[in-house]
Structure formats: structure tokens, C-alpha cells
Amino acid sequence: MESEINIIGLDSTIVRDNEIIFSEADGEMVMVSMERGEYFGLNPIGTRIWGEIKTPKKVSDLCHILKPDYNVNGEQCEKDVLVFLNQMAEKRLVRIIKP
């Protein structure tokens, strides 16, 4: 069941959690949360986002970076990125950086 609570917005600054162990193979990311004992996999777009947030990044800036590389309008890009990042936050794979 998908959570209806979105804690990440376009003005949020996010970064991947530094406790996550990850490895890239064939353009896809495999990750493990030792804290939760869970494995996760990312498709190539998720892998690209993961790479972009190795340092803190504002979500709106992330969307600006991604938009030219994918055939998507700005509104759709923002919606998709926010859904993805909020799912990642729910699993504690990313952190919100407080200003």
C-alpha cells in the first residue's frame, strides 16, 4: 500500500543515506539497508537519481537536471521524482537536509 504522506517537496534538499550499501551492475543499482535488513533494486532512472544525490541536492534542481535527458514535461518529471523520492524516504534510503 502506497503512503499518502509526502514528506519531500520540490523545495526539499535531499541526500542518500550514508548507511546504505550499494553496487551498480548493468546500469541498475542494488542496495541493502543493514539497519532494516532489506534489499532494494533501482532501474536505470532510479540509479541516475541515486547518483545525483550523492551530495545534497534540492529536488527542484534535480528535476531541472533530469528533464533534458528524458522525454518528459516539467510537471510530469516533478511528479515522478517526488513519488520516487518519497518512496525512498519511507524506506529510509534518503535523508532530508534541514536548512
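Which residues does Ile8 touch, not counting residues up to four places away in sequence? We will come to the solution in Exercise 1, after a short note on the model.

This is a predicted model, in which local features need pLDDT of at least 70, side-chain atom pairs count only at pLDDT 80 or more, and totals for chains, interfaces and linings use all residues. Residues are numbered from 1 along each chain as its sequence is written, and side-chain values use heavy atoms, with hydrogens and water left out.

**Exercise 1. Find the contacts of Ile8, then place Ile8 in the nonpolar core.**

Step 1. Contact means heavy atoms within 4.5 Å. With that rule, Ile8 touches Ile14, Val59, Leu82, Leu85, Asn86, Ala89, Val94 and Ile96, leaving out residues up to four places away in sequence.

Step 2. A nonpolar core is a set of buried (under 20% relative accessible area) Ala, Val, Leu, Ile, Met, Phe, Trp, Tyr and Cys residues joined through side-chain atoms within 4.5 Å. The largest one has 23 residues, and those touching the most other members are Ile8, Met31, Trp50, Val59, Val81, Leu85 and Met88.

Step 3. At least two residues of this core come from each of β3 (28-33), β4 (38-42), α1 (44-52), α2 and α3. Helix α3 gives the most, with seven residues. Here helices (H or I, at least four residues) and strands (E, at least two) are DSSP runs, numbered from the N terminus.

**Exercise 2. Describe how α2 packs against α3.**

Step 1. Axes are lines fitted to C-alpha atoms, for helices over the stretch in contact, and angles run from 0 to 180 degrees between N-to-C directions. Helix α2 (residues 59-66) and helix α3 (residues 74-90) pack at about 125°, and their axes are 10 Å apart.

Step 2. Angles under 35 degrees count as roughly parallel, over 145 as roughly antiparallel, 65 to 115 as roughly perpendicular and the rest as oblique. The pair α2 and α3 is therefore oblique.

Step 3. On the α2 side, the contact is made by Val59, Leu62, Cys63 and Leu66; on the α3 side, by Cys77, Glu78, Val81, Leu82 and Leu85.

**Exercise 3. Do the same for α1 and α3.**

Step 1. The angle between α1 and α3 is about 70°, with axes 12 Å apart.

Step 2. These two helices are therefore roughly perpendicular to each other.

Step 3. Gly46, Ile49 and Trp50 of α1 meet Val81, Phe84, Leu85 and Met88 of α3.

**Exercise 4. Is Val15 buried or exposed, and what does Val15 touch?**

Step 1. Val15 lies in strand β1 (residues 13-16). Val15 counts as buried, because its relative accessibility is 6%.

Step 2. Beyond residues up to four places away in sequence, Val15 touches Ile53, Lys54, Thr55, Pro56, Val94, Arg95 and Ile97.

Step 3. Val15 and Ile96 are 81 residues apart along the chain, yet their C-alpha atoms are separated by 6.6 Å.

**Exercise 5. Look at two arginines, Arg95 and Arg92.**

Step 1. Arg95 sits in strand β6. With 36% relative accessibility, Arg95 counts as partly exposed (between 20% and 50%, with exposed over 50%, using a 1.4 Å probe and protein chains only).

Step 2. Leaving aside neighbours within four places in sequence, Arg95 is in contact with Thr13, Ile14, Val15, Arg16, Asp17 and Asn18.

Step 3. Arg92 is found in the loop between α3 and β6 (94-97). Arg92 has a phi near 60°, a positive value in a residue other than glycine. For comparison, most residues other than glycine have a negative phi.
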